[in-house]
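Trainee: I'd like to take a close look at one spot in this protein and then see what sits around it. Could you walk me through it slowly?

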Amino acid sequence: MKSHKEILDEFLVFEKENNYLDWEIDSVPIWELLRTIVFTKLSSKLVNNTVVERNNKEGSRVKLFFNIVYNSIFHNPFFTFEKKDIIILNHPRRKFNKGFFEDIYIDNLLPSLGNKYVLLEGFVSHNLAHLKPIRPTNLFYLDIIQFTGSFISKNRKKKLSVKHKEDIKNLEHLILKTWGVKINNLENEICIIIKKWIFTKKCVEKLIVKISPKLLINVVSYSFINQVFNFVAKGKKIPVIELQHGTVGRYHINYNFNIPKGKELKTFPNYFLSWGKGWTENSRLPLLKNNIIETGYPHINIFRKDIQNIRNPKQIVFISQVREDIAYFTEEVAKILPTFKIIFKAHPVEYSFAKSKYSLILKSKNIEIITNDNKNLYHLFNESSAVFGVYSTALIEALAFCPKVGIIKLSGWEYFEDLEESNNLKFVNSQNDVKKFILNVEHNKNNCKNNYYFEDNSQERIIDFLNKYL
């Protein structure tokens, strides 16, 4: 087995040597759309993450169909009659707070933008409805584009030329030769992508012409529909800006490229607004230095100002990432720290099945499994003495609230390899390392230089940057 780091480094060399970032089929930038799929398939076969099988429930097909029809009538973006300066592609995975589901990356900025924007929201996946109630009013759902595009891509035939078929077979052969992994059916995967792209691109072009924006802002630049928006906007010389929403480092496939800085990728944004220097100074973002701007993270700054210190010195938190190895590690820690309260915070995608899955592993009486968002994550960090995990973004966010954060050196920890250890941040190899870190009283003060990860005055910084283009 190989590490995540080894696979990604090899993958970046592989795509560069074979010029795959220049690969197009029928004017579709196919490799930019396919690279994450291929890398994920490789990683699943070569890296041992002991990932928990996700129990995705489709729910009622009748209800799903009703929601699509309803949103296509009452929240259809093609029914907007106003031109706006900004299109915002927000994050659909909202968090519940004070009676509303919030987009924690966007909602705090909206009052400062007045009536200049239109919000467009897609799905986290096609099995999830949009979370409600919400505060923003100028919002439309992309259901009609996403569902129609998916339907067309799976039900219309697409013929590839002999040359393109040979290129795909050659890719499969090179993967087998390089990693000894057989990935089949890429031709069908590529046909689906191309069909969906052609339909989605036509719809997005119509929307952009209708809204006539000066800026496009998105939160997750690598989702398929956002990639299409990025492509169309850049083709029309509309600046595309991404707001950081999670971990950015040298081992996140969607933010790392082995290409000259400034080489134009067709679906990647023009600008990246980072939470702080600590996230981007060692990244391999395909942007010039001047196009990576440290603006901060408004959501976390708001909490830092208002939160009160209510720490329990004998409570520690483990962040799940849909992996059994983290659960086994947590159980062993609970055994050697029996007087501590151990909280195992499930990932949102596993809320519905976490207790049934992990109860077979997490057997110690001092462990509590949390499978909801009833308590804000930052409040949980603030009342705990330490937080542990592997590569969750929440670990670095925890530095703003908790005096001790431990990175467990299980597969994937390389996401944070470039971070410097301090009294507040430690890499731990074993359960005994955790115990030593926890019981070391010299590490009980939070002396972390938060500005390195989260710039101050973030909202003002972001709005000032956007105003340059409005």
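Does K84 count as buried or exposed, and at what relative accessibility?

Mentor: Buried: K84 has a relative accessibility of 3%, and the cut-off for buried is under 20%. Keep in mind throughout that this is a predicted model. K84 sits in the loop between α3 (61-74) and β1 (86-89).

So what does K84 touch? Leaving out residues up to four places away in sequence, K84 touches N115, K116, Y117, V118, N138, I211, S212, P213 and K214. One of those neighbours deserves a second look: the side chains of K84 and N115 are joined by a polar contact of 3.0 Å.

Now go to the loop between β1 and β2 (95-97), where you'll find R94. R94 counts as buried because its relative accessibility is 4%. Two acidic partners are worth finding on your screen. The side chains of R94 and E121 make a polar contact of 3.1 Å, and a further polar contact, of 3.4 Å, runs from the side chain of R94 to that of D107. Both D107 and E121 are on the list of residues that R94 touches, along with F101, E102, D103, L131, I134 and L139, again not counting residues up to four places away in sequence. If you want a sense of distance, pick I319: R94 and I319 are 225 residues apart in sequence, and their C-alpha atoms are 19 Å apart in space.

For one more buried loop residue, try S283, between α8 (277-280) and β9 (292-294). S283 is buried because its relative accessibility is 9%. A polar atom of the S283 side chain lies 3.0 Å from the backbone oxygen of T280. Beyond four places in sequence, S283 touches V248, G249, R250, N256 and K261.

Next, the nonpolar interior. In soluble globular proteins, nonpolar side chains tend to be buried together. Here, the largest nonpolar core has 85 residues, and those touching the most other members are I88, I241, I316, F318, F344, F388 and L466. Helix α10 (residues 324-336) gives the largest share of this core, with 5 residues. A second core, separate from that one, has 66 residues, including I7, F14, I175 and L265.

Take L466 from the largest core: not counting residues up to four places away in sequence, L466 touches L113, L215, I217 and I241. Let's follow I241, which belongs to strand β7 (residues 240-243). In a regular strand the side chains alternate between the two faces of the sheet. In β7, V240 and E242 are on one side, I241 and L243 are on the other, and all four are buried, so both faces are covered.

Which strands does β7 pair with? Strand β6 (residues 215-218) runs parallel to β7 and is joined to β7 by 3 bridges, with I217 standing opposite I241. Strand β8 (residues 271-274) is also parallel to β7, again with 3 bridges, and Y271 in β8 stands opposite I241. The strands β6 and β7, together with helix α7 (residues 224-235), make a right-handed β-α-β unit.

Further along the chain there is an open sheet of 6 strands, ordered β12-β11-β10-β13-β14-β15, with parallel pairing. The edges are β12 (367-370) and β15 (425-428); each has a single partner strand, so one side of each has no neighbour in the sheet. From one strand to the next, the twist averages 20°. Inside that sheet, 3 bridges join the parallel strands β13 (residues 386-389) and β14 (residues 405-408), and G389 has I407 in β14 as its bridge partner. Helix α14 (residues 431-439) packs on this sheet and touches β10 (315-319), β13, β14 and β15, its direction making about 160° with that of β13.

One last stop is helix α9 (residues 298-306), where P298, H299, I300, N301 and F303 are buried. The cover over the buried residues of α9 includes α12 (377-382), α13 (393-398) and α15 (458-467).

Technical notes: Residues numbered from 1 in each chain as written. Predicted model: local features only at pLDDT ≥ 70, side-chain atom pairs only at ≥ 80, totals over all residues. Heavy atoms only, no water. Helix = DSSP H or I, 4+ residues; strand = E, 2+ residues; numbered from the N terminus. Buried < 20%, exposed > 50% of the residue type's maximum accessible area, 1.4 Å probe, protein only. Polar contact = N/O pair within 3.5 Å; in protein donor to acceptor, adjacent residues only side chain to side chain. Contact = heavy atoms within 4.5 Å. Pairing = 2+ DSSP bridges. Axes fitted to C-alpha atoms, helices over the stretch in contact; angles between N-to-C directions. Core = buried A, V, L, I, M, F, W, Y, C linked by side-chain atoms within 4.5 Å. Right-handed = clockwise from strand over helix to strand, strands pointing away.
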